[in-house]
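Me: I am new to this structure and would like a close look at a single part of it, the sheet that begins near the start of the chain. Please take me through how that part is put together, and then show me what lies around it.

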Amino acid sequence: MIEVKNLTKRYSGGRPAVKDISFKIDKGEIVGFLGPNGAGKSTTMNILTDYLSATSGSVRIGGFDVLQQPNKAKAKIGFLPEQPPLYIDMTVEEYLNFVFELKKVRLDRARHIEEVCRLVKIEEVYRRVIRNLSKGYRQRVGIAQALIGNPEVLILDEPTVGLDPKQIVEIRSLIKRLGKDHTVILSSHILSEIQAVCERIIIISNGSIVADDQTENLSKGFSENSHLTVQIEGDKEECLKALRGIDSVSEVTVTGQKDENIFEYYIETKKNADRRREVFGCAVKNRFVILAMQDSSMTLEEIFMKLTSTAAVSTDKTQKTKPGKEG
């Protein structure tokens, strides 16, 4: 659905904002696009949506080249910038009809706008002036305008910025629903949001892609060892002996006692080992009772800091685009 090849963008008098990046996003994927300020994230998104031209390389959306066939490519995209392009003196009804005409949509107007409003749950504010809407409803109207024309690709830049916790949960749920029928690129500084919503994450730093992988695989790829915290009911010494006998376990430490005969164990395992299955199997075999288990592998925040730090980029060049897909 989206194919980026050797994309480079140079601004006059400065270093490249984006340097020879390549990636593909298939139909139906929800992809998180992460990067610190100045990393090239916004530049890349603006090129995808044809707000900026590339210095070199190519971008194809739904088979259409953004440079050579801009109108056909843009018809495939719905874009929500960080600041939604709302005309606040219009009603929601007037604004969405205006967007419908602007995009030259050929669908049945009344039915299509009604479907979009129902999807993003703004029916009750349809005839209200946008100026008088809450931040949460304004974001929903912004997403609605991106959905006008039923584009195959949605690009959402900071869709939950400034929202309260309840509104954030609602927008996250909406994005997940949209991912069933659309390819979604989600850019956000809130890493927990990316982790909660996205199936795959692309991280860009200093204009280059430094990671591209399924969300659940990132910590495995960047951790030499993984950690597991487990609460087990059973004899402490017998538990220690049994856990240390697991092939994938390199170290076990007792970190506390929760109750009589209930202890918490910190288990360090070897890279890419199937930790939980083996620990659970060990407990069943020895008739221990597991009361809690938490994977303590590297968090997305830790991975992000590791990959986007100057030291990581400059001294660990072999890690570029690993783990994940090459271009």
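Reply: In this predicted model, strand β1, which covers residues 2-10, is joined to β2 by six bridges, and the two strands run antiparallel. One of the pairs can be picked out by residue: Lys9 has Val18 in β2 as its bridge partner. Strands of a sheet pair through backbone hydrogen bonds, either parallel or antiparallel.

The wider arrangement is an open sheet of four strands, whose order is β2-β1-β4-β5 and whose pairing is antiparallel. Because β2 (16-25) and β5 (64-65) stand at the edges, each has a single partner strand, and one side of each is left without a neighbour in the sheet. Helix α1, made of residues 41-48, packs on this sheet and touches β1, β2 and β4 (56-61), while its direction makes about 120 degrees with that of β1.

Moving on to the nonpolar cores, the largest has 48 residues, and among these Val92, Leu96 and Ile122 touch the most other members. Leaving aside residues up to four places away in sequence, Ile122 touches Val92, Leu96, Cys117, Tyr137, Arg140, Val141 and Ala144. Apart from that core lies another, of 25 residues, which includes Val18, Met45, Leu48 and Ile155; Val18 is also the residue of β2 that serves as the bridge partner of Lys9. In soluble globular proteins, nonpolar side chains tend to be buried together.

Strand β3, residues 30-34, deserves a look of its own, since five of its five residues are buried and it is therefore largely enclosed by the rest of the structure. Its two faces are both covered, with Ile30, Gly32 and Leu34 buried on one side and Val31 and Phe33 buried on the other. With strand β8 (residues 183-187), β3 pairs in the parallel sense over four bridges, and there Val31 stands opposite Ile185. With strand β9 (residues 200-205), β3 likewise pairs in the parallel sense over four bridges, and there Gly32 stands opposite Ile201.

Finally, there is a pair of helices to consider: α5 (residues 135-147) and α6 (residues 165-178) pack at an angle of about 15 degrees, and their axes are 10 Å apart. That angle makes α5 roughly parallel to α6, and the crossing of α5 and α6 is right-handed. On the α5 side the contact is made by Gly136, Arg140, Ile143 and Leu147, and on the α6 side by Gln167, Glu170, Ile171, Leu174 and Leu178. Of these residues, Arg140 is also one of those that Ile122 touches.

Technical notes: Residues are numbered from 1 along each chain as its sequence is written. This is a predicted model: local features need pLDDT of at least 70, side-chain atom pairs count only at pLDDT 80 or more; totals for chains, interfaces and linings use all residues. Side-chain values use heavy atoms; hydrogens and water are left out. Two strands pair if DSSP finds at least two bridges between them. Contact means heavy atoms within 4.5 Å. Axes are lines fitted to C-alpha atoms, for helices over the stretch in contact, and angles run from 0 to 180 degrees between N-to-C directions. A nonpolar core is a set of buried Ala, Val, Leu, Ile, Met, Phe, Trp, Tyr and Cys residues joined through side-chain atoms within 4.5 Å. Buried means under 20% relative accessible area, exposed over 50%, partly exposed in between (1.4 Å probe, protein chains only). Angles under 35 degrees count as roughly parallel, over 145 as roughly antiparallel, 65 to 115 as roughly perpendicular and the rest as oblique. A crossing is left-handed if the near helix is turned anticlockwise from the far one by less than a right angle, and right-handed if clockwise.
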